Amino acid sequence: MLAATGAAPRGPRWSFEVKWDGWRALVYVDGGLTVRTRSGRNVTVGVPELAGLAEQLAGRQAILDGELVVCRNGAVDFYALGGRMAATQPLAVRAASEALPVTFVAFDVLWLDVDVTGRPLAERKELLDGLELAGPAWVTNRWYRDGGEALFAACVQHGH
């Protein structure tokens, strides 16, 4: 799903979270790790900093939906991510991952040992939160059940 502009929705069926300016990605964990972009491109070799995520979820099968981002000068930098992901040769990837590390921001879980896509979003968010994903290159995106206008104002204030 792509983000769209418009008035903030209201009501109890809505939740809110930051839309990161990166590349949408699915992370597959099943003993190993595979990272695919929205278009299906396998970029696993380009993000070695995410390898430890498979270790954190050892013994689990998971498909995580999220965003690959690069931060530079304290802010997410979409253009730096594009340059960073252009590296494909092992030495170039290593140098790029040290200079501009990628972070995976997970915002949904689609599979957790079983297909969970039929469950309500709030339940999937709770499953994701329960994984306690906090590593050197991966985090879980915070989400809020109310206060969309306040979250938007905070994002604007911080240059998101």
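In which helix does Arg124 lie? In this predicted model, Arg124 belongs to helix α4, which spans residues 121-130, and the report returns to that helix after describing the protein as a whole.

## Overall architecture

The protein contains five helices and eight strands, and these elements succeed one another along the sequence in the order β-β-β-α-β-β-α-α-β-α-β-β-α. The radius of gyration is 16 Å, close to the 15 Å that the globule rule gives for 160 residues, so the protein is as compact as a globular protein of that length. Taken along the principal axes, the box filled by the C-alpha atoms is roughly 50 × 40 × 25 Å.

Among contacts with a separation of 6 or more, 67% join residues that stand 24 or more positions apart. Of the 160 residues, 38% count as buried, while the accessible surface comes to about 9500 Å², with 57% of that area belonging to carbon and sulfur atoms. The protein carries 16 positive and 18 negative charges, and the mean positions of these two sets are 5 Å apart.

## Helix α1 and the loop before it

Helix α1 covers residues 52-56 and includes Ala54. With a relative accessible area of 11%, Ala54 is buried, because the cut-off for that class is under 20%. Once residues up to four places away in sequence are set aside, Ala54 touches Val29, Gly32 and Leu33. A further spatial relation links Ala54 to Thr34, since these residues are 20 apart along the chain and their C-alpha atoms are separated by 9.3 Å.

Gly40 is located in the loop between β3 (33-37) and α1, where a relative accessible area of 33% makes Gly40 partly exposed. The C-alpha atom of Gly40 is separated by 8.6 Å from that of Ala25, a residue 15 positions away along the chain.

## Helices α2 and α3

Helix α2 runs over residues 78-85, and its buried residues are Ala80, Leu81, Arg84 and Met85. Seen down the axis of α2, these buried residues fall within an arc of 130°, so they line one face of the helix. The cover over them includes both strands and a helix, namely β2 (23-30), β4 (61-72), α3 (90-99) and β6 (102-112).

In α3, the buried residues are Val93, Ala96 and Ser97. They cover an arc of only 100° around the axis, which puts them on the same side of α3. The cover over this buried side includes α2, just as α3 is included in the cover over the buried residues of α2. On the face of α3 turned away from its buried side are the exposed residues Leu91, Arg94, Glu98 and Ala99.

## Helix α4 and Arg124

Which residues of α4 are buried? They are Arg124, Lys125 and Leu128. Viewed down the axis of α4, the buried residues lie within an arc of 100°, so they line one face of the helix. The opposite face, turned away from the buried side, carries the exposed residues Glu126 and Gly130.

Arg124 itself has a relative accessibility of 12% and therefore counts as buried. Leaving aside neighbours within four places in sequence, Arg124 is in contact with Asp108, Val109, Val116, Thr117 and Arg119. Two of these partners, Asp108 and Val109, fall within the range of β6 (102-112).

## Positive phi values on either side of α4

Asp113 is found in the loop between β6 and α4, and it has a positive phi of about 70° although it is not a glycine. With a relative accessible area of 33%, Asp113 is partly exposed.

Another residue with a positive phi is Glu132, which follows just after α4 and is placed in the loop between α4 and β7 (138-140). Phi of Glu132 is near 50°, again in a residue other than glycine. Glu132 counts as exposed at 61% relative accessibility, whereas Asp113 is classed as partly exposed.

Technical notes. Residues numbered from 1 in each chain as written. Predicted model: local features only at pLDDT ≥ 70, side-chain atom pairs only at ≥ 80, totals over all residues. Heavy atoms only, no water. Helix = DSSP H or I, 4+ residues; strand = E, 2+ residues; numbered from the N terminus. Rg over C-alpha atoms; globule rule 2.2 N^0.38 Å. Buried < 20%, exposed > 50% of the residue type's maximum accessible area, 1.4 Å probe, protein only. Contact = heavy atoms within 4.5 Å. Areas by Shrake-Rupley, 256 points an atom, 1.4 Å probe, with all protein chains shown as cover. Lys, Arg positive; Asp, Glu negative; His and termini not counted. Charge placed at Lys NZ, Arg CZ, Asp CG, Glu CD. Arc of directions from axis to C-beta.
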